[in-house]
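The following exercises concern the structure displayed below. Please attempt each task before reading its solution.

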Amino acid sequence: MMDTNRENILWNNFREGQPDSFRPLFECFYPSLCEYAFQIVKDKMDAEDVVLDLFIFIWKNSDRINVEQSIRSYLFASVRNRALNHIRGVKLETLEDSFDMPVLDPALADIDIKDISAVISAALETVSERARSIWKMKREEGKTNAQIAQQLNVSEKTVEADVTRIRKLLHLTIKRNFIFTLLF
């Protein structure tokens, strides 16, 4: 663990626009912030999503962020608030909303569409063949959950679960790619 003074120096270096200052800040806090977010949201991908959202926000708005005490306090308080908001949002989300195409964060606009396609293709290779088939039928062929369930002889709940899981995976994978683009 780094001392608070060193952490604040990392933050100040980043705010002052020093080259290569974002990566050490990210690497210093990312693992512990993900663990903390996981304690709240109880889902690894959602926890990483919360933390990546925060770092994207910081990247784009560092000049407007006012850290009162320490960057550590600010980051953990921000993750707590974002995780709680995420939980509230998940409870309010309808099933129909979860099947829309992933809405990409405007901060991700810097990533080339070819890069996004490659990232999506690679991420889809990590899921089961059935899940890939469901995703293709849903997204490329425009079939309904009921049609997919009937064609694959699975329940509609299985189709819903696979689509939701892939949607989350793709959203998180694209965000990770954006962060790594910033780091390198």
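## Exercise 1: Overall architecture

The protein contains eight helices and zero strands, where helices (H or I, at least four residues) and strands (E, at least two) are DSSP runs numbered from the N terminus. The model is predicted: local features need pLDDT of at least 70, side-chain atom pairs count only at pLDDT 80 or more, and totals for chains, interfaces and linings use all residues. Residues are numbered from 1 along each chain as its sequence is written, and side-chain values use heavy atoms, with hydrogens and water left out.

Task. State the order of the elements, the buried fraction, and the share of contacts between residues 24 or more positions apart.

Solution.
1. Along the sequence, the elements follow the pattern α-α-α-α-α-α-α-α.
2. Of the 184 residues in the protein, 40% are buried. Buried means under 20% relative accessible area, exposed over 50%, and partly exposed in between (1.4 Å probe, protein chains only).
3. Among contacts with a separation of 6 or more, 72% join residues 24 or more positions apart; contact means heavy atoms within 4.5 Å.

## Exercise 2: Nonpolar cores

Task. Determine how many residues the largest nonpolar core has, and which element gives the largest share of this core.

Solution.
1. The term is fixed beforehand: a nonpolar core is a set of buried Ala, Val, Leu, Ile, Met, Phe, Trp, Tyr and Cys residues joined through side-chain atoms within 4.5 Å.
2. The largest such core has 31 residues, and those with the most contacts inside it are Trp 11, Phe 29, Leu 33, Val 51 and Phe 55.
3. Two or more residues are given to this core by each of α1 (4–15), α2, α3, α4 (71–92) and α8.
4. The largest share, ten residues, comes from α2.
5. Phe 55 illustrates the contacts: leaving aside neighbours within four places in sequence, this residue is in contact with Phe 22, Leu 25, Phe 26, Phe 29, Tyr 30, Leu 33 and Ile 179.
6. A second, separate core has 14 residues, including Ala 123, Met 137, Val 159 and Val 163.
7. As general background, nonpolar side chains tend to be buried together in soluble globular proteins.

## Exercise 3: The packing of α1 and α2

Task. Describe the geometry of the pair α1 and α2 and the residue classes in their contact.

Solution.
1. The axes of α1 and α2 are 8 Å apart, and the helices pack at an angle of about 145°. Axes are lines fitted to C-alpha atoms, for helices over the stretch in contact, and angles run from 0 to 180 degrees between N-to-C directions.
2. The crossing of α1 past α2 is left-handed, a label that applies if the near helix is turned anticlockwise from the far one by less than a right angle (right-handed if clockwise).
3. From α1, the contact is made by Glu 7, Leu 10, Trp 11 and Phe 14; from α2, by Phe 22, Pro 24, Leu 25, Cys 28 and Phe 29.
4. By class, eight of these residues are nonpolar, none polar and one charged. Here Ala, Val, Leu, Ile, Met, Phe, Trp, Tyr, Cys and Pro count as nonpolar, Asp, Glu, Lys and Arg as charged, and the others, Gly among them, as polar.

## Exercise 4: Buried residues of α3 and α8

Task. Establish whether Asp 46, Thr 173 and Lys 175 are buried or exposed, and describe their surroundings.

Solution.
1. Asp 46 lies in helix α3 and counts as buried because its relative accessibility is 10%. Neighbours within four places in sequence aside, Asp 46 is in contact with Val 41, His 86 and Lys 168.
2. Thr 173, in helix α8, has a relative accessible area of 17% and is therefore buried. Not counting residues up to four places away in sequence, Thr 173 touches Val 119 and Ala 123. Its C-alpha atom is separated by 10.0 Å from that of Glu 48, 125 residues apart along the chain.
3. Lys 175 is also found in helix α8; at 2% relative accessible area, Lys 175 is buried. The C-alpha atoms of Lys 175 and Asp 49 are 7.6 Å apart in space, with the two positions 126 residues apart in sequence numbering.

## Exercise 5: Positive phi values

Task. Where are Lys 42 and Asn 153 found, and are they buried or exposed?

Solution.
1. Lys 42 is in the loop between α2 (22–41) and α3 (44–61). Its phi is near 65°, a positive value in a residue other than glycine, and Lys 42 counts as exposed at 60% relative accessibility.
2. Asn 153 is in the loop between α7 (145–152) and α8 (156–183). Its phi is near 60°, again positive in a residue other than glycine, and Asn 153 is exposed, with a relative accessible area of 71%.
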